[in-house]
Amino acid sequence: MTAIGFIGLGSMGLPMARNLVARGFEVTGFDLRAEARNALVAAGGKAADTAAAACAGADMAVLMVVNIAQARDVLFTGGVLDALAPGGAILLMSTCPPAAVAEVAAEVEARAFAFVDAPVSGGVVGAAAGSLTIMVGTGDDAFARARPALDAMGAKVVHVGKDAGQGATAKVVNQLLCGAHLAVAAEALSLAERLGVDTTAMLDILGGSAAASWMLRDRGPRMLEADPTVTSAVDIFVKDLGLVLEAGREAKAALPMAALAHQLFLSVSGRGLGAADDSQVIRAYRSLQGRD
């Protein structure tokens, strides 16, 4: 039985950890929130009061934290590397800048631990269903070692390259399209509202036409709700599209669509709605039209 320390039991991390438990892994989790730790225990896992304690003697540590700064903190300041079993593996599954992921990987590997760059796509629904897409950048041996755990959390595991940072790069490209699709779906529905079209009927038309996208079908209905349940926050796309633009700057690649989408999400966040469901990017258009 593989022992796993799971750091970050948030809206995606908790169901991912539950899926590992369901597949027979011995999972000890840590999160700052006691209710999240208790939820993992209720699912058959274990809980610890610190990140280091969660990883004590574990074969691998899964990090589903907010950003690269938190990853660095738990690894190098929080004692996770000191607690992990010798030769253990770090699975970084958060969305982080590719260059920063490569730097952290080099530091981890210098201490004789394996590092697996494995960001995910699929949101809360995919995390709960175990149907995430996981983009992996690591060597062949580390990939083979991590594969059983990755398969427990995702339905599509793609080994995109042998170097850490390549998984993060694939995720950056993915987030460019997700953010742009979401922003333009909001633009279309805001136009329908402005023109007085029945938006429910419009969604039905668009969802079955060549104009359809996964983002439109998933987020469109929530755009029409006054206060939808949050499955992914506006500020997530503020962060992720910021990473897209950072990668573009480093590569000297022009990304005008990503820049515009980023500004739309940023404008909604700047109004104090950063924690709202990301479908509420539609409020940027309503504001421009003087209706919100």
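## Helix 12, its neighbours and a few other spots

Leaving aside the neighbours within four places in sequence, H262 touches F237, V238, L241, G242 and L245. The model you are looking at is a predicted one. H262 itself sits in helix 13, so we can begin with that helix's partner, helix 12, which has helix 13 among the elements covering its buried residues.

**Helix 12 and its surroundings**

- Helix 12 runs over residues 234-251, and its 18 residues should span 26 Å at 1.5 Å a residue; the end C-alpha atoms are 26 Å apart, so the expected and modelled spans agree.
- The buried residues of helix 12 are V234, F237, V238, D240, L241, L243, V244, L245 and G248.
- As a reminder, an α-helix has 3.6 residues a turn, so residues three or four places apart point the same way.
- Cover for the buried residues of helix 12 includes helix 9, helix 11 (214-223) and helix 13 (256-273).
- On the helix 13 side, H262 counts as buried because its relative accessibility is 13%, under the 20% cut-off.
- Among the contacts of H262 are F237, V238, L241 and L245, and these four residues are on the list of buried positions in helix 12.
- Just after helix 12 comes K252, which has a positive phi, near 55°.

**A nonpolar patch on the surface**

- L191, L195 and V197 make up a nonpolar surface patch, with about 280 Å² of accessible area together.
- L191 belongs to helix 9, which covers residues 166-194.
- With a relative accessibility of 47%, L191 counts as partly exposed, because that class lies between the 20% and 50% cut-offs.

**Cysteines**

- The disulfide count comes to zero.
- C55 is in no disulfide, and the nearest cysteine sulfur, that of C96, is 16 Å away.
- Seen from C96, the closest cysteine sulfur is in C55, and 16 Å is too far for a bond, because a disulfide needs the two sulfur atoms within 2.5 Å.
- C55 is buried, with a relative accessible area of 0%, and C96 is buried too, at 2%.

**A102 and Q166**

- A102 is part of helix 6, residues 98-110.
- A102 has 33% relative accessibility and so counts as partly exposed.
- A102 and Q166 are 64 residues apart in sequence, yet their C-alpha atoms are 8.6 Å apart in space.

Conventions. Residues numbered from 1 in each chain as written. Predicted model: local features only at pLDDT ≥ 70, side-chain atom pairs only at ≥ 80, totals over all residues. Heavy atoms only, no water. Patch = residues over 30% accessible without salt bridge, like charges linked within 9 Å, V, L, I, M, F, W, Y side chains within 5 Å. Areas by Shrake-Rupley, 256 points an atom, 1.4 Å probe, with all protein chains shown as cover. Salt bridge = Lys/Arg side-chain N within 4 Å of Asp/Glu carboxyl O. Helix = DSSP H or I, 4+ residues; strand = E, 2+ residues; numbered from the N terminus. Buried < 20%, exposed > 50% of the residue type's maximum accessible area, 1.4 Å probe, protein only. Expected span 1.5 Å × (residues − 1). Contact = heavy atoms within 4.5 Å.
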